[in-house]
Amino acid sequence: PFSSRSRHTRFLHRSRGLGDVYKRQALDRLGDPDPTEVAYVGDRIDNDVIPAAAAGLRAVWLRRGPWGVVPREVPAEADLVVGSLIELAERIDEAWA
């Protein structure tokens, strides 16, 4: 998993979906913040965006690869949609806007 913590942002990325055990472990590694302070970044709506939003995390859809072009509609659960990790780094604060 990839995580980052700065003065204003905390975010997670993992190649597999968000399970309860992983969510708990990830939040523990980040110092047990309120889930609303954490952005979960994923490329699949069904495995990443919807479960992250349901868990109370900020859901960021990394719209790339096959899962980025198949769905045409942006899910209501997405707090932010980006097309690359570079764009994510530039726009992550918008997930809390």
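**Confidence, fold and the S3–H2–S4 unit**

In this predicted model, confidence within the protein chain is lowest in strand S1 (residues 2–5), where the mean pLDDT is 45. Confidence is highest in strand S5 (residues 80–82), at 96. Over the whole protein chain, the mean pLDDT is 79. A value of 70 or more is reached by 77% of the residues. Residues 1–8 stay under 50. For this stretch the model has 18 contacts beyond four places in sequence. Where pLDDT is low, the predicted coordinates should not be read in detail.

The protein chain contains four helices and five strands. Along the sequence, they follow the pattern β-β-α-β-α-β-α-β-α. Of the 97 residues, 33% are buried. Among contacts between residues at least 6 apart in sequence, 37% join residues at least 24 apart. The exposed area of the protein chain is about 5700 Å². Carbon and sulfur atoms supply 50% of that area.

Strands S3 (39–42) and S4 (58–62) pair in the parallel sense, over four bridges. Tyr 40 has Ala 59 of S4 as its bridge partner. Between the two strands, the chain passes through H2. This β-α-β crossover is right-handed. In S3, Ala 39 and Val 41 point one way, while Tyr 40 and Gly 42 point the other way. All four are buried. In a regular strand the side chains alternate between the two faces of the sheet.

Helix H2 spans residues 45–54. Its buried residues are Ile 45, Asp 48, Val 49 and Ala 52. Seen down the axis of H2, these residues fall within an arc of 115 degrees, so they line one face of the helix. They pack against S3 and S4, the strands that H2 links in the crossover.

Just after H2 comes Gly 56, with a positive phi of about 90 degrees. Gly 56 is also a contact of Thr 36. Thr 36 sits in the loop between helix H1 (20–29) and S3. The two residues are 20 apart in sequence, yet their C-alpha atoms are 5.7 Å apart in space. Leaving aside residues up to four places away in sequence, Thr 36 also touches Arg 58 and Trp 96. Thr 36 has a relative accessibility of 40%, and therefore counts as partly exposed. The loop before S3 is thus brought into contact with Gly 56, the residue noted above for its positive phi just after H2.

Notes:
Residues numbered from 1 in each chain as written. Predicted model: local features only at pLDDT ≥ 70, side-chain atom pairs only at ≥ 80, totals over all residues. Heavy atoms only, no water. pLDDT = per-residue confidence, 0-100. Contact = heavy atoms within 4.5 Å. Buried < 20%, exposed > 50% of the residue type's maximum accessible area, 1.4 Å probe, protein only. Arc of directions from axis to C-beta. Pairing = 2+ DSSP bridges. Right-handed = clockwise from strand over helix to strand, strands pointing away. Areas by Shrake-Rupley, 256 points an atom, 1.4 Å probe, with all protein chains shown as cover.
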